[in-house]
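Open the model in your viewer and keep the selection panel at hand. The stops below run from the whole chain down to single residues.

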Amino acid sequence: MAFSTLAKNFQVCSRSHAIIFTRASRKASTNVGFIGLGNMGGFMAKNLMNKGHKLVVYDVSKAATEALAKAGATVAKNPADVAAQSGTVVTMLPNNDIVTNVYTGKDGVFEGLQSGSILLDSSTVDPSVPTALEKIANSKGSFFLDTPVSGGVIAAQSGELTFMVGGDKQIFEKAQGVLSGMGKKLVHCGGIGMGQAAKICNNMLLGISMAGVAEAMNLGIRLGLDGKQLMDIINNSTGRCWSSEIYNPVPGLMPNVPSARDYEGGFYSGLIAKDLGLAQGLATRTGSPIPMGALASQIYRLMCKAGLEVRDFSSVYKFIQDGQKI
Ligand code: NAD
């Protein structure tokens, strides 16, 4: 971690690498900036407002910012404008390139950054992205944590997300007031990038388990079993998992999940395909075999080609059932 440029505004304890907040952190705004108000970010931003935080928001989609403006948020012109008005900035964006560009590009977060700010990226991206962004944030007297989440849109809406956090532990402690406004479990996983490492392992398993539940449910229904009864049996047996119990992919079995609304909203197939691609890259880097992850990755990629890219990933049930788009 490059601490040299921080020395002007912060006292740094060289033995522990702990950062003691002094003048700069007291000056930073108490506003929370939020960039990326989609299926997840929209609910997360609203929960922060409900907890009493003053929000400054930005999204390339006007419809998304208008919804937050109606709830009382200030809409910024661009990511730099968000950073200029906020002491903490949360980003919830689709992928590596977009996250990198929102921070480092023209009118990006780093152009408007206040010294002493805390930047929290909750998107799911390769661990190399936060590693690079932390260096730039530190060189500007600010801080960066990777803070990916688990729990899906259901937990985003109820404010019960799990945050997997990588980066300096003291900054993690400092960020807990904001993170706990959106989640109920906050786990410090280690140094920068380690939150993403945990998240990508979880999502590889999620992609595999959702495809497995879809396969088993389809087989059972074709054998003549009643779908609801089969779901109940699985949820009281050894096949039980989040994909079967909380987010079942078979239409008509559960209310308030994407399978109940033609797989609209939720967690797009394109995003799980991205996450499984990230897992493949990390597996190659570490020489770790992931045969199930590799197969799941190909299934979701085929789904994207079949027109399901912006449908919830539980539409893998329809893909397995019909072999093509809904
Ligand atoms: P989404 O596509 O619904 O939302 C992304 C938002 O980012 C959109 O509103 C889009 O307009 C906005 N955006 C895109 N480019 C932008 C830019 N350059 N500047 C500002 N805004 C921009 O996606 P989501 O489901 O909310 O997921 C966001 C991230 O969270 C992804 O990395 C995803 O992998 C991760 N995630 C999603 C879920 C889920 O269940 N949906 C769960 C956990 C993690």
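Helices and strands here are DSSP runs, numbered from the N terminus, with at least four residues for a helix and at least two for a strand. The model is a predicted one.

**Stop 1: the two domains**

Colour residues 3-191 as domain 1 and residues 198-322 as domain 2; the protein chain is divided into these two parts. Their C-alpha centres are 29 Å apart. To the contact, domain 1 brings 16 residues and domain 2 brings 17 residues.

**Stop 2: the area between them**

The size of an interface is often given as the accessible area lost when the parts come together. Between domain 1 and domain 2 that buried area is about 1200 Å², and carbon and sulfur atoms give 63% of it. Now select Asn 39, Thr 124 and Ile 154 on the domain 1 side. These residues lose the most area to domain 2, together 37% of what that side buries.

**Stop 3: a salt bridge**

How many salt bridges are there between domain 1 and domain 2? The count is 1. Next, show the side chains of Asp 126 and Arg 285, which meet in a salt bridge with an N to O distance of 2.8 Å.

**Stop 4: a nonpolar patch**

Go back to Ile 154, already selected for the area that it loses to domain 2. Add Trp 242 and Ile 246, and show the surface: with Ile 154 they make a nonpolar patch of about 230 Å². Ile 246 sits in the loop between α12 and α13. With a relative accessible area of 38%, Ile 246 counts as partly exposed, because that class lies between the 20% limit for buried and the 50% limit for exposed.

**Stop 5: Tyr 263**

Stay in the loop between α12 (242-245) and α13 (269-286) and select Tyr 263. Most residues other than glycine have a negative phi. Tyr 263 has a positive phi, near 65°. Is the residue buried or exposed? Tyr 263 is buried, at a relative accessible area of 1%.

**Stop 6: Asp 107**

The last selection is Asp 107, in the loop between α5 (96-104) and α6 (109-112). Asp 107 is not a glycine, yet its phi is positive, at about 60°. Its relative accessible area is 28%, so Asp 107 is partly exposed. Show Asp 107 and Tyr 263 together to set the two loop positions side by side: Asp 107 is partly exposed, whereas Tyr 263 is buried.

Technical notes. Residues numbered from 1 in each chain as written. Predicted model: local features only at pLDDT ≥ 70, side-chain atom pairs only at ≥ 80, totals over all residues. Heavy atoms only, no water. Buried < 20%, exposed > 50% of the residue type's maximum accessible area, 1.4 Å probe, protein only. Patch = residues over 30% accessible without salt bridge, like charges linked within 9 Å, V, L, I, M, F, W, Y side chains within 5 Å. Areas by Shrake-Rupley, 256 points an atom, 1.4 Å probe, with all protein chains shown as cover. Salt bridge = Lys/Arg side-chain N within 4 Å of Asp/Glu carboxyl O. Domains from an automatic or database assignment. Contact = heavy atoms within 4.5 Å. Buried area = accessible area lost by both parts, 1.4 Å probe.
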